[in-house]
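I opened this notebook to keep track of what I looked up in one structure, entry by entry. The sequence and the model come first, and my notes come after them.

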Amino acid sequence: MASRPHHPRGRRGIVDGVTSPNFYELVGGEPTFRKLVDEFYAGVAEDPILRPLYPEEDLGPANERFRLFLMQYWGGPTTYSENRGHPRLRMRHAPFVIASAERDAWLRQMRRAVDAIELAPEHEAVLWDYLERAAHFMVNADDPEESDSPAVKVL
């Protein structure tokens, strides 16, 4: 049986009989994740590469889904799964072409958002490591110049 990857999310440690906070609590809980995601989507709204990937007229529903996902992932409320089931991130993103340009644009906007929330360096490093790995994991298309057939862009 394969082992599950280690995630610093919802696990609490117990040291000398005292329960330690999880990452969600350590970084400030919902207000921190709300600011992170609000900052991210403010950038998405103006980004010529990312905005076409969000077919909804209003980015509000995407903002809420992403915020709830991140909050749950890092140890907060399980509202995301209660409302939407298992995250199935690759499946949910499969309809959209995500190549290096989309990944890099996502990381640019996310870097700006992470900088805006001003986390302690050790917390920022943990969060950024996860976000970078997630961005690379979501790539589902070759770059147009690397492929024999042109990639279809979602418009």
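The entries below go from the whole chain to single helices, their packing and a few single residues.

**Entry 1: the whole chain**

I noted at the outset that this is a predicted model. I then looked up the elements of the protein chain and found 7 helices and 2 strands, which run β-β-α-α-α-α-α-α-α from the N terminus on. Of the 155 residues in the protein chain, 37% are buried. I also looked at contacts with a separation of 6 or more, and residues 24 or more positions apart account for 65% of them.

**Entry 2: helix 6**

I turned next to helix 6, which has 18 residues and reaches 26 Å from its first C-alpha to its last, close to the 26 Å expected at 1.5 Å a residue. Which residues of helix 6 are buried? I listed Ser100, Glu102, Arg103, Ala105, Trp106, Leu107, Gln109, Met110, Ala113, Val114 and Ile117. I then checked what these buried residues pack against, and the partners are helix 2, helix 3 and helix 7.

**Entry 3: glutamate 118**

Following the chain out of helix 6, I came to glutamate 118, which lies in the loop between helix 6 (100-117) and helix 7 (121-138). Just after helix 6, glutamate 118 takes a positive phi of about 50 degrees, and I marked this down as a positive value in a residue other than glycine. Is glutamate 118 buried or exposed? Its relative accessibility is 68%, and because exposed means over 50%, glutamate 118 counts as exposed.

**Entry 4: helix 7**

I checked the length of helix 7 in the same manner as before: its 18 residues should span 26 Å at 1.5 Å a residue, and its end C-alpha atoms are 26 Å apart, which agrees. The buried residues of helix 7 are His123, Leu127, Trp128, Tyr130, Leu131, Ala134, Ala135 and Met138. They cover an arc of only 160 degrees around the axis, so they sit on the same side of helix 7. On the face turned away from that buried side, I found the exposed residues Pro121 and Glu122.

**Entry 5: how helix 6 meets helix 7**

To describe two packed helices, I need the angle between their axes and the distance between the axes. For helix 6 and helix 7 the angle is about 165 degrees, and the axes are 10 Å apart. Since angles over 145 degrees count as roughly antiparallel, helix 6 is roughly antiparallel to helix 7. I recorded the crossing of the two as right-handed. On the helix 6 side I wrote down Arg103, Trp106, Leu107, Met110, Arg111, Val114, Asp115 and Ile117, which meet Glu124, Leu127, Trp128, Leu131, Glu132, Ala135 and His136 in helix 7.

**Entry 6: how helix 2 meets helix 6**

I repeated the look-up for helix 2 and helix 6, which pack at an angle of about 140 degrees with their axes 8 Å apart. Helix 2 and helix 6 are therefore oblique to each other, and helix 2 passes helix 6 in a right-handed crossing. The contact is made from helix 2 by Thr32, Lys35, Leu36, Glu39, Phe40, Ala42, Gly43 and Val44, and from helix 6 by Trp106, Gln109, Met110, Arg112, Ala113, Val114, Ala116 and Ile117.

**Entry 7: leucine 50**

Where is leucine 50 placed? I found leucine 50 in the loop between helix 2 (30-46) and helix 3 (60-73). With a relative accessibility of 2%, leucine 50 counts as buried. Leaving aside residues up to four places away in sequence, leucine 50 touches Val44, Glu102, Ala105, Trp106 and Gln109. I also noted that leucine 50 and aspartate 104 are 54 residues apart in sequence and 9.9 Å apart in space, C-alpha to C-alpha.

**Entry 8: helix 3 and arginine 67**

My last look-up was helix 3, whose 14 residues should span 20 Å at 1.5 Å a residue, and the end C-alpha atoms are 20 Å apart, which agrees. Because 10 of its 14 residues are buried, helix 3 is largely enclosed by the rest of the structure. Among them are Phe66, Arg67, Leu68 and Phe69. I looked further at arginine 67 in helix 3, which counts as buried at 8% relative accessibility. Not counting residues up to four places away in sequence, arginine 67 touches Glu30, Phe33, Arg34 and Val37. Just after helix 3, glycine 75 takes a positive phi of about 110 degrees.

Technical notes
Residues are numbered from 1 along each chain as its sequence is written. This is a predicted model: local features need pLDDT of at least 70, side-chain atom pairs count only at pLDDT 80 or more; totals for chains, interfaces and linings use all residues. Side-chain values use heavy atoms; hydrogens and water are left out. Helices (H or I, at least four residues) and strands (E, at least two) are DSSP runs, numbered from the N terminus. Buried means under 20% relative accessible area, exposed over 50%, partly exposed in between (1.4 Å probe, protein chains only). The expected span of a helix is 1.5 Å times one less than its number of residues. The arc is that of the directions from the helix axis to the C-beta atoms. Axes are lines fitted to C-alpha atoms, for helices over the stretch in contact, and angles run from 0 to 180 degrees between N-to-C directions. Angles under 35 degrees count as roughly parallel, over 145 as roughly antiparallel, 65 to 115 as roughly perpendicular and the rest as oblique. A crossing is left-handed if the near helix is turned anticlockwise from the far one by less than a right angle, and right-handed if clockwise. Contact means heavy atoms within 4.5 Å.
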